[in-house]
Amino acid sequence: MTNKRTKAAPVAEPVFTDELRAPQEVGIESEDAFFANVRQAVKDRKDGRRLAPHVSVSFQSPAALLAVLTPKRYALFEAVKEHGHFDSIEDLARALERDRAAVSRDLRALTDAGLLQLREAVFPGHGKRTEIAPVADRLHVELVL
């Protein structure tokens, strides 16, 4: 019994980049459903079908989604989305009239969930600052019960 390996076709564009891709969907699905979708995408790619880049952020349950997207965090997310970006956490906290430490904790949760991105930027003569921007221009939320 021989084990044959097939060579993968060369890819014209880079597969991995440092650039973040914009989530197109936020939804609720089980871990099994998530991995079934990943397996299908890998199979499609292996069969030669080119797929448009697609990124989704999934939560296992409505409770998991609501644990991340609290009313205050949603207001923070909306402020960043409407403004486009903020140059610092202080600017965002001031705009929301909230404590900087609380905004920083909420930013970390939204960043860990993949909904916002933080970038360290050098602020000449004053050290570093953290810039905040939305990951996507559009956010589609799908709830399947």
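Q: In which strand does serine 56 lie?
A: Let's start with a reminder that this is a predicted model. The strand in question covers residues 56-59. Serine 56 therefore belongs to strand S2.

Q: Is serine 56 buried, partly exposed or exposed?
A: Buried would need under 20% relative accessible area, and exposed over 50%. Serine 56 has 31% relative accessibility, so this residue counts as partly exposed.

Q: How far apart in space are serine 56 and glycine 114, C-alpha to C-alpha?
A: Along the sequence, 58 residues separate the two. In space, the C-alpha to C-alpha distance between serine 56 and glycine 114 is 9.1 Å.

Q: Is aspartate 44 buried or exposed?
A: You will find aspartate 44 in helix H1, residues 31-46. Its contacts include Arg49 and Leu51. The cut-off for buried is under 20%. At 14% relative accessibility, aspartate 44 therefore counts as buried.

Q: What span should H1 have at 1.5 Å a residue?
A: H1 has 16 residues, and the expected span is 1.5 Å times one less than that number. The end C-alpha atoms of H1 are 22 Å apart, which agrees with the expected 22 Å.

Q: Which helix gives the largest share of the largest nonpolar core?
A: This core has 19 residues, and Leu76, Leu92, Leu107, Leu116 and Ile132 touch the most other members. At least two residues each come from S2, H2, H3, H4 and H5. The largest share is four residues, and the helix supplying them is H3.

Conventions:
Residues numbered from 1 in each chain as written. Predicted model: local features only at pLDDT ≥ 70, side-chain atom pairs only at ≥ 80, totals over all residues. Heavy atoms only, no water. Buried < 20%, exposed > 50% of the residue type's maximum accessible area, 1.4 Å probe, protein only. Contact = heavy atoms within 4.5 Å. Core = buried A, V, L, I, M, F, W, Y, C linked by side-chain atoms within 4.5 Å. Lists of a residue's contacts leave out its neighbours within four places in sequence.
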